[in-house]
Amino acid sequence: MAKADQYVVGIDIGSSKVAVLIGQRDQKGALEVAGRGTAPNRGTRRGNIVNVEAAVEALKAASEEAEVMAGVEISRAYVGVAGADVRCVNARGMVSVARKDREIMTPDIQRALGAAQSAALPSDREILHAIAQEFVVDEQGGITDPLGMLGGRLEVQVHLITGQVTRSKTLLTCVNRAGIEVAEMVFEPLATAEAVLTPDERDLGVLLIDIGAGTTGYALFAEGEIQHSAVLPIGAGHFTNDLAMVLRTPYAEAERIKIREGCCLLSMVQEEEGVSVPAVAGGSPRVVPKREICEILQPRAEELVSLVREDLGKNGWDGQLRGGIVLTGGGAQLDGLLELCGQAFNASVRYGLPHGLGGLVDVINSPGWSTAAGLLHYAIAAEQTNDRRPRRGGFSVRGVMGSLRNVFSDLL
């Protein structure tokens, strides 16, 4: 089997499954999906590794399936991170311009970025990403690229995403034991945004909500850049647990009921509908009104949406999402969730599906593949180390799509 040096690989290690995508550039430079693989994962809970052996086996199984489909051997990959331990904060750095003629040069920008990241972190945490939101030159804000401008004082607003060192090392160990080198660990909402959001949505103000099995990650974008992000320890698996406990049915049956019959908005449920619910230990099944199932699911959905709203409010959200809400992830397709989010935020809501890819797109055309697809986009941008020109807006680093990737690599 040939080495896959010309390929890029994205690995989404979720709480219920591992998803692997192999991508390559075609002759015209377009990104194509060459292979995909999935495997159930019992080694991860709430986005964190809890059983190394189980996680490694899932990684191997998913990787081998993708390798067979693509006809290549995976050697390195970009790996998603979305554990409940991830913390995000906005920080500000300020420096005086060094040159006598007050022209801002790259070293000035580097020092400003370093100052923004100099806030003391606990010894058990590390910076995963430092994303420049805007620069300010002598109180003139809204600047994306200050290089060459004149001024005496340079400030930068940076979005810092941090994770626990030990958990990152455990994830790194698992991927390495599966025979794969980690090119970079990427905060999943940041990668997912590359696959599902449009530039117009980012500019207007959009909220991306990525619902996985064990966690829900979300990111608020405005004026083209990420403004706030966080991870909640609640995911689609909690909906299933609620059904299993209240209905006293096996977890697998609760999952089936949730997917096929579940709805989290009572106004969408017909009164006369009923659902057959198997009992535990082989007991006789019983028919439960679909409305009763909805009454179990809706409180959990409302809790999830409420927690996101409260967190955004605490972090300066003005209540307006002109670009709407994009729901993605394997847990986003629960009936009624789209409508419930629209009502709670008073905004338009749509599903986030992977875009900008060719090749085997039919097999990944669902919200559950958004993160893995986003990791391919992220990887392609990261691999273009010879292209020093910013893709969008000077020193802005949306998804490493800019020249500050090289600056940050020196600082972190």
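This briefing walks through a sheet, two helix packings, a buried loop residue and one further helix. The model is predicted. An open sheet of 6 strands carries helices α3 and α4 on β2, β8 and β13. Helices α6 and α7 cross at roughly 115 degrees.

**The open sheet**

- The 6 strands run in the order β13-β8-β2-β3-β4-β21, and their pairing is mixed.
- The edges belong to β13 (181-187) and β21 (358-359).
- Each edge strand has a single partner, so one of its sides has no neighbour in the sheet.
- Strand β2 (residues 7-13) pairs with β8 in the parallel sense, over 2 bridges.
- I11 has V79 of β8 as its bridge partner.

**Helices on the sheet**

- Helix α3 (residues 165-177) lies across β2, β8 and β13.
- The angle between α3 and β13 is about 140 degrees.
- Helix α4 (residues 188-196) also packs on the sheet and touches β2, β8 and β13.
- The direction of α4 makes about 85 degrees with that of β13.

**The α6–α7 crossing**

- Two packed helices are described by the angle between their axes and by the distance between those axes.
- The axes of α6 (residues 236-247) and α7 (residues 251-261) come within 8 Å and cross at roughly 115 degrees.
- The two helices, α6 and α7, are therefore roughly perpendicular to each other.
- Their crossing is right-handed.
- From α6, the contact takes in A236, G237, F239, T240, N241, L243 and A244.
- From α7, Y251, A254, E255 and K258 take part.
- By type, the residues of this contact between α6 and α7 are 6 nonpolar, 3 polar and 2 charged.

**D85, a buried loop residue**

- D85 sits in the loop between β8 (76-81) and β9 (87-96).
- Its relative accessibility is 7%, so D85 counts as buried; the cut-off is under 20%.
- Beyond its neighbours within four places in sequence, D85 contacts N48, R125, T162, G163, Q164 and R167.

**Helix α9 and what covers it**

- In α9 (residues 337-345), the buried residues are L337, L338, L340, C341, G342 and F345.
- Their cover includes the strands β14 (206-211), β19 (324-328) and β20 (349-351).
- Helix α8 (290-314) is also part of that cover.
- Just after α9 comes N346, with a positive phi of about 55 degrees.

Key:
Residues are numbered from 1 along each chain as its sequence is written. This is a predicted model: local features need pLDDT of at least 70, side-chain atom pairs count only at pLDDT 80 or more; totals for chains, interfaces and linings use all residues. Side-chain values use heavy atoms; hydrogens and water are left out. Axes are lines fitted to C-alpha atoms, for helices over the stretch in contact, and angles run from 0 to 180 degrees between N-to-C directions. Helices (H or I, at least four residues) and strands (E, at least two) are DSSP runs, numbered from the N terminus. Angles under 35 degrees count as roughly parallel, over 145 as roughly antiparallel, 65 to 115 as roughly perpendicular and the rest as oblique. A crossing is left-handed if the near helix is turned anticlockwise from the far one by less than a right angle, and right-handed if clockwise. Contact means heavy atoms within 4.5 Å. Ala, Val, Leu, Ile, Met, Phe, Trp, Tyr, Cys and Pro count as nonpolar, Asp, Glu, Lys and Arg as charged, and the others, Gly among them, as polar. Buried means under 20% relative accessible area, exposed over 50%, partly exposed in between (1.4 Å probe, protein chains only). Two strands pair if DSSP finds at least two bridges between them.
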